[in-house]
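This report covers the ligand site and the metal sites of the structure shown below. Distances come with the cut-offs behind them.

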Amino acid sequence: AKTRGKGQHVLFEPEMHKAALDRLVVEADLRRAIEHDEFMLQYQPIVALETGDIIGAEALVRWMCRDRGTVPPGLFIPIAEETGLIVPIGRWVLRRACREAKRWTDERGLPVRITVNLSGRQLQEPGIVEDVRQALADSGLAAAQLVLEITESMLMHNTELSMSRLNALKALGISLAIDDFGTGYSSLSYLQRYPIDILKIDKAFVDVIDKGGEGPVLASAIVALGETLRMNTVAEGIETEAQRGHLLTLGCELGQGYLFAPPLDAEDFWHLLLARGAR
Ligand code: C2E
Ligand code: CA
Ligand code: CA
Ligand code: CA
């Protein structure tokens, strides 16, 4: 097999072996990407649904791969998680996002909230609390402006560890959001036990909100749950005016989606912020 070309070689491998090989190739490329600074961030505005004013942004990572072009996170984050490379990548994301949010805050003289996705693997790292503290200290960003998004599955596994890590992160003064809320099949009891501030209503519930019948039931239940537990709700993947209207009726005040803006390069986000930023 050694004498064959790379493309030819994989043709003769069983599917599983092929997947493993591809994974190794991507892993090697990701290591190179970290050294060569091939990542960039895009920012999707988070807006007040009533006015459309931008109150902050979610940072979303992109890999500008030398030979693959722009790779969406859905394709490389799972491999980065398996290999542990998400730890250095996530640290870079956090530091870059805090620095950029601080620059926008200073230039406008008004605080911009920045939301960063945290993977389960990062939360397991003993260094995560120090990484966050350091990113805030080095950038000068106020902790109150940083939101970290975690998923339900991160709370279900390793409960003791998650609990102490999240409490330590909260103690820094940041906020915690649950991403894709309602898709994780987890028990609701953890919501009261963990220091959560924000529930993000998954796009799946927003998609059916204007479809009549049972459509809005789950989104409505999540907003009510948020109100009961004194948490904010942020709706994701809003694409239509009708969805925006329904969410407002349900009492959901914040959201993001293509209706307002897709994820934008830093420069484009900054210009939109100047035009539509909350005062
Ligand atoms: P997510 O955190 O749920 O992010 C929302 C995804 O929905 C983003 O995809 C965004 O571009 C997309 N989106 C936003 N508005 C709309 C809309 O109106 N319609 C539709 N159809 N899609 C919309 P993206 O950027 O490809 O990210 C995919 C996932 O990758 C994210 O899902 C998140 O789980 C993960 N991810 C992205 N950046 C990071 C990161 O820095 N660290 C970690 N650990 N995960 C990340
Ligand atoms: Ca997210
Ligand atoms: Ca989400
Ligand atoms: Ca998602």
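## Ligand 1 and its contacts

In this predicted model, a polar side-chain atom of Asp180 lies 3.4 Å from an oxygen atom of ligand 1. This is a polar contact, meaning a pair of N or O atoms within 3.5 Å (within protein, one must be able to donate a hydrogen and the other to accept it, and residues adjacent in sequence count only if both atoms are side-chain atoms). Glu58 places a polar side-chain atom 3.2 Å from an oxygen atom of ligand 1, and for Asn117 the distance to a ligand 1 oxygen atom is 3.2 Å. Ligand 1 exposes 800 Å² when taken alone, and the protein buries 78% of that (Shrake-Rupley method, 1.4 Å probe).

## Basis of the model

Residues are numbered from 1 along each chain as its sequence is written, while chains are lettered from A and ligands numbered from 1 in the order in which they are written. The model is predicted, local features need pLDDT of at least 70, side-chain atom pairs count only at pLDDT 80 or more, and totals for chains, interfaces and linings use all residues; side-chain values use heavy atoms, with hydrogens and water left out.

## The shell around ligand 1

Ligand 1 is surrounded by 20 residues, the closest being Gln44, Arg62, Asp179, Glu239 and Tyr258. A residue is counted here if one of its heavy atoms lies within 4 Å. By class, the shell holds 8 nonpolar, 5 polar and 7 charged residues. Nonpolar covers Ala, Val, Leu, Ile, Met, Phe, Trp, Tyr, Cys and Pro, charged covers Asp, Glu, Lys and Arg, and the others, Gly among them, are polar.

At least two shell residues come from each of β2 (54-65), α3 (73-83) and β6 (175-181). Strand β2 gives the largest share, 4 residues. Helices (H or I, at least four residues) and strands (E, at least two) are DSSP runs, numbered from the N terminus.

## Calcium ion, ligand 2

Glu58 (OE), Asn117 (OD1), Glu149 (OE) and Asp179 (OD) are the protein donors of the calcium ion (ligand 2), at 2.1 to 2.4 Å. Donors are N, O and S atoms within 2.8 Å of the metal (3.2 Å for Na, K and Ca); water is not among the atoms, so sites may look incomplete. The sequence spacing of these donor residues is E-x58-N-x31-E-x29-D. Glu58 in strand β2 and Asn117 in strand β4 (residues 113-117) link distant parts of the chain, 59 residues apart.

Glu58 is buried because its relative accessible area of 4% is under the 20% limit (exposed is over 50%, partly exposed in between; 1.4 Å probe, protein chains only). Asn117, with 29%, is partly exposed.

## Calcium ions, ligands 3 and 4

The calcium ion (ligand 3) has the protein donors Asp179 (OD), Asp180 (OD), Glu236 (OE) and Glu236 (OE), lying 2.2 to 2.4 Å from it. Their residues are spaced D-D-x55-E in sequence. Asp179 coordinates both this ion and the calcium ion (ligand 2), and the two ions are 3.9 Å apart.

Asp180, in strand β6, bridges the calcium ions (ligand 4) and (ligand 3), which lie 3.7 Å apart. For ligand 4 the protein donors are Asp180 (OD) and Asp180 (OD), at 3.0 Å. Asp179 counts as buried at 10% relative accessibility, whereas Asp180 counts as partly exposed at 28%.

## Cysteines

A search of the whole structure finds 0 disulfides (pairs of cysteine sulfur atoms within 2.5 Å). Cys98 is buried at 0% relative accessible area, and Cys252 is also buried at 0%.
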